[in-house]
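Visitor: I have a few "why is it called that" questions about this model. Could you take me through the reasoning behind the labels?

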Amino acid sequence: MESTNALPRLLAGSQLGSPADLDRHLELHGSPAVPAQRAGREMIDIVARSGLKGRGGSGFPCAVKLGAVADAPRRRRRVVVANGVEGEPESRKDSTLLSCSPHLVLDGLAVAAACVGADEAIICVKGDDSEAVGAVRAAISERSALDAVQAELVEVPSSYLAGEETALVNFIDTGSVLPTFIPPRPHERGVGGRPTLVQNVETLAHLALIARRGAEWFRAVGSEEDPGSTLVTVAGAVGAPGVYEIPASMPLGALIDHAGGYSEAAQAVLLGGHEGTWWAAQEIAGLRLGHAAMLARGGNLGPGVIYVLARSDCPVAESAKIARYLADHSAGQCGPCTFGLPAIAGALEAIADGHCEPGTHRWAAHWSAQVSRRGACHHPDGAIRFVASALDVFADDITRHETGDACMATSSGVAAGAAAE
Amino acid sequence: MTILRVNPIACDAHGLCAGLFPEWIALDEWGYPIIDGRPIPPELLDHARRAVAACPTLALLLEAKHPEGER
């Protein structure tokens, strides 16, 4: 007998490099319980009870998003978009899901379309991810008899901001992967000016299983505030980096053990990707993953990227590198982001190099405060959240760099057993 | 209640707004406006309207304030 809290769910029976075809998919998960047209609202209520939150980064309640599009004026035709364009450089979870279980995502897209009454469904995948593109294309061709609305595959050029939902809608309409000014949000005016639901592919895969098995089944794993399972990508100094499906509320320490434990002495963990927050190694024991749990601690899970920084790495150099990446990946549309992020990255680089005045970090903090909430999208806000956590968690290292003392990471003997050179 | 908002994509840092309504608009070191998000008192609304009208890229907007937390 199958236990209700058995994991994996989304990645059940899957193998990297060989996507589950339709027969295998139906064997694994059973027939898709696509709700009848009249059941749209009923299905949204079930999703609300399940507590499913968006797995793309924001953690926004899925049922609220479904409801917003379903509530659009009756005469307007609706669009649903599956967002498989993960922009986080370390994140592999959406790509893995699409490559292993493409039908589960397409089932979820069909459920979403039925919920909101959409007559157009689009699935967006990174164009350079040939494995995911191939799996999705093959899956779509198998489903012509299954779906009321045929999904269309759109290949999107990879970029950090491509997965931002207004950028994705803009790309579908105009071919330009740039965020747009809000309002209007996609649920008001999205693809072709129509009310549009943009939902992460993992969220849709959960939706597909909730439609089959119900809200209670979903909640059998995870906690009250962070129910269900979730996909995470573990990277950096662990024994077995990769994508894992875990209870959404798993303690971080347990996840690291699950991923093979530390491969060398760790000094910090970056949670939530490049726009996430640093946590010192000694804080890890008290941390629980999950959007609600992280939010309560002042962090954010983002798209579920966990990066372990080894003690032999310089945290200031690492932070400067990420700040520069974020500056380089600004869309360049809004002044505060276009000029502010490079200034902040420059200050961190100067500190990392040791060629700076004491107090240089205050400039990074000053510019951070200045760009706050002044972009059309949340890219600058994510960048300054990351920078603020670097200034906080690595304050001592920054002082050592600014005052010309040796960097702890590279001075010999400090990182016992893990000397850098 | 009325607030000022800037469309940062449209804004080109001409800076006229800060000259016309310095009570509510400052410029950062690159010349882009930093807008005070509080509701504008009625006696200053004329200044706000002049700043909006002067923007060469139509980036400055007067808006009715939405309740907090609305998506």
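Visitor: Why is A:Cys356 called buried?

Guide: In this predicted model, A:Cys356 has a relative accessible area of 17%. Buried means under 20%, so A:Cys356 earns the label.

Visitor: What makes A:Cys314 buried?

Guide: The reasoning is alike: A:Cys314 has a relative accessible area of 14%, and the limit is 20%, so A:Cys314 counts as buried.

Visitor: How do you know that A:Cys356 is in no disulfide?

Guide: The nearest cysteine sulfur to that of A:Cys356 belongs to A:Cys314 and is 12 Å away. A disulfide needs two cysteine sulfur atoms within 2.5 Å, so A:Cys356 is in no disulfide. Over all chains, the count of disulfides comes to zero.

Visitor: Why does A:Gln199 count as buried?

Guide: A:Gln199 sits in strand β4 (residues 196-200) of chain A. Its relative accessibility is 3%, and the label applies under 20%, so A:Gln199 is buried.

Visitor: Which residues is A:Gln199 in contact with, leaving aside its neighbours within four places in sequence?

Guide: They are A:Cys62, A:Lys65, A:Val81, A:Ala82, A:Asn83 and A:Leu204.

Visitor: A:Lys65 is on that list. Why is the pair of A:Glu165 and A:Lys65 called a salt bridge?

Guide: Their closest N and O atoms are 3.0 Å apart. The rule asks for a Lys or Arg side-chain nitrogen within 4 Å of an Asp or Glu carboxyl oxygen, so this pair qualifies. A:Glu165 lies in helix α7 (residues 165-174) of chain A and A:Lys65 in helix α3 (residues 62-70) of chain A, so the pair ties together parts that are 100 residues apart in sequence. As for its surroundings, A:Lys65 is buried, with a relative accessible area of 16%.

Visitor: What makes A:Arg137 partly exposed rather than buried or exposed?

Guide: A:Arg137 has a relative accessible area of 46%. Buried means under 20% and exposed over 50%, so A:Arg137 falls in between. A:Arg137 forms a salt bridge with A:Glu155, the closest N and O atoms being 2.8 Å apart. A:Glu155 is also partly exposed, at 35%. A:Arg137 belongs to helix α6 (residues 130-142) of chain A and A:Glu155 to strand β3 (residues 151-156) of chain A, so the pair ties together parts that are 18 residues apart in sequence.

Visitor: And why is B:Arg38 called exposed?

Guide: B:Arg38 has a relative accessibility of 51%, and exposed means over 50%, so B:Arg38 takes that label. Its side chain meets that of B:Asp36 in a salt bridge (2.7 Å, N to O).

Visitor: How do you know that a salt bridge crosses the interface of chain A and chain B?

Guide: The closest N and O atoms of A:Arg374 and B:Asp28 are 3.0 Å apart. With the cut-off at 4 Å, the pair is therefore a salt bridge. The rule finds one across this interface, and 22 over all chains.

Visitor: What else describes the contact between the two chains?

Guide: The contact takes 23 residues from chain A and 13 residues from chain B. A:Phe181, A:Phe339 and A:Arg374 lose the most area to chain B on the chain A side, together 38% of what that side buries. The area buried between the chains is about 1,600 Å², with carbon and sulfur atoms giving 60%. Six residue pairs are in polar contact across the interface.

Methods: Residues are numbered from 1 along each chain as its sequence is written. Chains are lettered from A and ligands numbered from 1 in the order in which they are written. This is a predicted model: local features need pLDDT of at least 70, side-chain atom pairs count only at pLDDT 80 or more; totals for chains, interfaces and linings use all residues. Side-chain values use heavy atoms; hydrogens and water are left out. Contact means heavy atoms within 4.5 Å. Buried area is the accessible area (1.4 Å probe) that two parts lose on being put together, summed over both. A polar contact is a pair of N or O atoms within 3.5 Å; within protein, one must be able to donate a hydrogen and the other to accept it, and residues adjacent in sequence count only if both atoms are side-chain atoms. Buried means under 20% relative accessible area, exposed over 50%, partly exposed in between (1.4 Å probe, protein chains only). Helices (H or I, at least four residues) and strands (E, at least two) are DSSP runs, numbered from the N terminus.
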